[in-house]
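Biologist: I am new to this structure and would like a close look at a single part of it. Could you take me through the surroundings of one helix, and then follow the chain outwards from there?

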Amino acid sequence: MKLFSGNSNRQLAEAIGGYLDLPLGQAMVRRFADQEIFVEIQENVRGEDVFIVQSTSYPANDHLMELLIMIDAMRRASARRITAVLPYFGYARQDRKAGGRTPISAKLVANLITEAGANRVMTLDLHAGQIQGFFDIPTDNLFAVPLIARDIKEHQDLSNLMVVSPDVGGVVRARALAKRLDAPLAIVDKRRDRPGESEVMNIIGDVTGRNCILIDDIIDSGGTLCNAADALVKAGANSASAYITHGVLSGGAVSRIAASSLKELVITDSIQPTKAIAAAPNIRVVTTANLLGEAIARTASEESVSSLFD
């Protein structure tokens, strides 16, 4: 087995390597003057089980091209099996036709990864589970809920806890967390007027006197989460914290979170945290290295991955 990394999240790749007691493979990823990407694998991978760690986060197109070119380089170097490990799968929010004459970009990206030569895909908390079906190769969609539940038990008061879904679409994820924590569930009903903006309309469930934990897979602008936190506090909640798997946090999201009613935002390192995130007083990062590392080890030894979440 050999582990390689692109440029999107090298810190996480190194942490995964530390868990596996496996140094990162030698690969050069650089750009020509016109920004064309060039990859050179600087060690023998013939007959090897290769894992490439690369989140397709901002800049998504550059990181996606890096991944595709690295897969092609491995295929042409006669790697036995190539697994694309995408802690964050970009374009996942474009998983259906949102209107007439619009693309399904998540399916296109799945086709690109498959055609580049990947034999397997491993990812974390896909925005929509059906994206697994977009791939014609085996795909492992890992779940961050066990990781989040463990952190909540270590850092939160469980006696007065309530799990909250920030929208109706995230109820399944919130229910899974609530079941692990033996906590009640509430739902924020929202209405979105324009992309990137949301208006909280109603809270389903009694949050009075509760310490609320919002759970979701992606935080981008932060508007939905901040509105939900404000609504929970206004409805009588003692506090509102949030656990989000993928901290996209684009634009002014970090400053918006810092100025919001959120007591704490906890994200994973599926996307490499920026300096602004590290400096934010109410944002904390937990690592997915052990989870991904264990899944990689089990894949390499042909053991069950799903049993990780039993």
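Modeller: What follows is one connected look at helix H4 and the parts around it, in a model that is predicted.

Helix H4 covers residues 145–155, and its axis comes within 10 Å of the axis of helix H5, residues 171–181, with the two crossing at roughly 45°. That angle makes H4 oblique to H5, and H4 passes H5 in a right-handed crossing. On the H4 side, the residues that meet H5 are Val 145, Pro 146, Ile 148, Ala 149, Ile 152 and Lys 153, while H5 brings Arg 173, Ala 176, Leu 177, Arg 180 and Leu 181 to the contact. Sorted by class, the contact of H4 with H5 holds eight nonpolar residues, three charged residues and no polar ones.

The loop that lies between strand E7 (139–142) and H4 holds Phe 143. A search of the whole structure for aromatic pairs finds three, and one of them joins Phe 143 with Phe 309 in an edge-to-face arrangement, at 5.4 Å from centre to centre and with 80° between the planes. Phe 309 sits in the segment after helix H9 (289–300), 166 residues apart from Phe 143, and the pair thus links distant parts of the chain. The two rings can also be described by their accessibility: Phe 143 counts as partly exposed because its relative accessibility is 40%, whereas Phe 309, with a relative accessible area of 15%, is buried.

From Phe 309 we can turn to the helix that comes before its segment. The axis of H9 comes within 8 Å of the axis of helix H1, residues 10–20, and the two cross at roughly 60°, so H1 and H9 are oblique to each other. H1 passes H9 in a right-handed crossing, and among the residues making the contact are Leu 12, Ile 16 and Tyr 19 of H1 together with Leu 292, Gly 293, Glu 294 and Ile 296 of H9. By class, the residues of the contact of H1 with H9 divide into nine nonpolar, two polar and one charged.

To finish, we can go back to strand E7 and to a residue that touches part of the chain there. Thr 123 is found in strand E6, residues 120–124, and is buried, with a relative accessible area of 2%. Leaving aside residues up to four places away in sequence, Thr 123 touches Asp 140, Asn 141 and Leu 142, and also Leu 86, Pro 87 and Phe 89.

Terms used
Residues numbered from 1 in each chain as written. Predicted model: local features only at pLDDT ≥ 70, side-chain atom pairs only at ≥ 80, totals over all residues. Heavy atoms only, no water. Axes fitted to C-alpha atoms, helices over the stretch in contact; angles between N-to-C directions. Helix = DSSP H or I, 4+ residues; strand = E, 2+ residues; numbered from the N terminus. Parallel < 35°, antiparallel > 145°, perpendicular 65-115°, else oblique. Left-handed = near helix turned anticlockwise from the far one by under 90°. Contact = heavy atoms within 4.5 Å. Nonpolar A, V, L, I, M, F, W, Y, C, P; charged D, E, K, R; others polar. Phe/Tyr/Trp six-rings, centres within 6.5 Å; stacked < 30°, edge-to-face > 60°. Buried < 20%, exposed > 50% of the residue type's maximum accessible area, 1.4 Å probe, protein only.
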